[in-house]
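Hi,

Here is the structure I promised to pass on, with some notes to read alongside it. I hope they save you some time when you open the file.

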Amino acid sequence: MFPSKFPVYTNLLEAAGYHVGFTAKGWGPGDFAAGGFKHNPAGTQYNQFKNKPPTSGIAAIDYAANFKAFLDKRPKGAPFCFWYGGHEPHRAYEAGSGLKAGKKLADVTVPPYLPDTDIVRSDLLDYALEIEWYDNHLGRMLKTLEEMGELDNTIIVSTSDNGMPFPRVKGHIFEDACHLPLAIRWPAGGVKGGRKIDDFVSYIDYAPTFLTAAGLQPDPGMTGKSLLPILTAAGSGQVDPARDHVILGRERTDVGRENDVGFPVRAIRTKDFLYVHNFAPDRWPCGNPETGFQDTDDSPTKSLLLKQKEQGEYKYFDLAMAKRPGEELYVLSTDPGTVTNLAADAKLADAKAKLWAQLQRELQAQQDPRILGKGDVFDHYQYVGAKNKSWSARTQKQPAEPKKSGE
């Protein structure tokens, strides 16, 4: 349940006269009606227009047509706010769809935490094809705005809510899971194109940005900061020296452990380092083996890692799914894929201690229950899927726990 006592930017914009809506995925998973919301927090849903997708993995929703339907319903002259929550590139994909579309295995760059095989390359091509479907609909939406003369005066934000749905990425705290694409366009608001900004920003900054741009005051409970100062600044690179790090956290994503407890993690990312603190290193980070490591999406790549594990090849399974130590430290200049944990390196002991101290200070200032010794509260929130999937039902259908490397 999401209580409506917590203001969201869409409701604040709606109260100020904005026409608000979304297509496909809005806010979720959860029960917004039980929390007092009159509709999905993302706005009124527009999903009536369908199309014939090119693959079985792509949703039959015409996102761009639904955006036009949303605009057609707009009161004359009213400002608007629209959420395009495409289902792509969520899994499942049609296996081999990227190759069928003419993409080539040789063009793929495989990240260092995945095995470089044709199976993985093809899986990545299928992923790329779904991203292009998202891009195609976004392009059609921009064309609609251009035709109605609203393109330059509309703030357009294109980003992602997590990294790609591959092992060691989605649902985790490593670089490719949390360093996400972000493009923002608003010429009429003084945002000059062709710039690349290095400042650290976070999802919590979006709501204050939209509200400030609309001439409204962000709710006092919103802890993020508007991005307008760095968006309207001149030049590229680092704009605001204070934006030199970001705090990351994870509790529960999907299920896959007894009582559906999560894998609690906090991290700090600076220009040079990613420091990770795992609060429950005794737990499996991707869900338990007997449940099939449910916290990693099923895919040809995941199946390959599990097959390699059965054959005694542990490298990529261990990177993605094995239990992790209490601390991890990655040097980004030499290890952009964050695969070599240097937390035990004596040469980096001072740097690690400073990062952990800074992380603790900021978490304490936020009154994070995990750092205050009350983190178990996160493990007791009701999981929305619990009514349909019990632990016992899952464990009966899953294989026995595999051995770890070295056992």
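**The antiparallel sheet**

Strands β8 and β9 pair in the antiparallel sense, over five bridges. Along that pairing, L274 stands opposite Y330 in β9. Before going on, please keep in mind that this is a predicted model.

The two strands belong to an open sheet of four, in the order β6-β7-β8-β9, with antiparallel pairing. The edges are taken by β6 (245-250) and β9 (327-331); each has a single partner strand, so one side of each lacks a neighbour in the sheet. From one strand to the next, the twist averages 15°.

Inside the sheet, β7 (residues 265-270) and β8 (residues 273-278) also pair in the antiparallel sense, again through five bridges. Here V265 stands opposite N278 in β8.

Is the edge strand β9 mostly buried or exposed? Four of its five residues are buried, so β9 is largely enclosed by the rest of the structure. Having a free side within the sheet therefore does not leave β9 open to the outside, given that buried here means under 20% relative accessible area.

**The parallel sheet**

There is also an open sheet of three strands, where the order is β2-β1-β3 and the pairing is parallel. Its edge strands are β2 (44-45) and β3 (80-85), and each of them pairs on one side only. Strand β1 (residues 19-24) pairs with β3 in the parallel sense over six bridges, and F22 stands opposite W83 in β3.

**Two partners of helix α4**

Helix α4 (residues 118-147) comes up in two helix packings, so I have put them together.

With helix α2 (residues 63-72), the packing angle is about 30° and the axes are 8 Å apart. Angles under 35 degrees count as roughly parallel, and α2 and α4 are therefore roughly parallel to each other. Their crossing is right-handed. On the α2 side the contact is made by Y63, A64, A65, F67 and L71, which meet W133, H137, R140, M141, T144 and L145 in α4. By class, this contact has eight nonpolar, two polar and one charged residues.

With helix α8 (residues 300-310), α4 packs at an angle of about 160°, and the axes are 9 Å apart. The cut-off for roughly antiparallel is over 145, and α4 and α8 are therefore roughly antiparallel to each other. This crossing is left-handed. Which residues meet here, from α4 and from α8? I119, V120 and D123 in α4 meet P300, T301 and L304 in α8. The contact of α4 with α8 has four nonpolar, one polar and one charged residues.

**A covered helix**

Helix α6 (residues 206-213) is mostly covered, with six of its eight residues buried. Those buried in α6 are Y206, A207, P208, T209, F210 and L211. What covers them includes α1 (9-15), β4 (156-159), β5 (182-185) and α7 (228-231). After α6 comes G215, which has a positive phi, near 80°.

If you want a place to begin, try the α2 and α4 contact and then the α4 and α8 contact.

Best wishes

Definitions and conventions: Residues are numbered from 1 along each chain as its sequence is written. This is a predicted model: local features need pLDDT of at least 70, side-chain atom pairs count only at pLDDT 80 or more; totals for chains, interfaces and linings use all residues. Side-chain values use heavy atoms; hydrogens and water are left out. Two strands pair if DSSP finds at least two bridges between them. Axes are lines fitted to C-alpha atoms, for helices over the stretch in contact, and angles run from 0 to 180 degrees between N-to-C directions. Buried means under 20% relative accessible area, exposed over 50%, partly exposed in between (1.4 Å probe, protein chains only). Angles under 35 degrees count as roughly parallel, over 145 as roughly antiparallel, 65 to 115 as roughly perpendicular and the rest as oblique. A crossing is left-handed if the near helix is turned anticlockwise from the far one by less than a right angle, and right-handed if clockwise. Contact means heavy atoms within 4.5 Å. Ala, Val, Leu, Ile, Met, Phe, Trp, Tyr, Cys and Pro count as nonpolar, Asp, Glu, Lys and Arg as charged, and the others, Gly among them, as polar.
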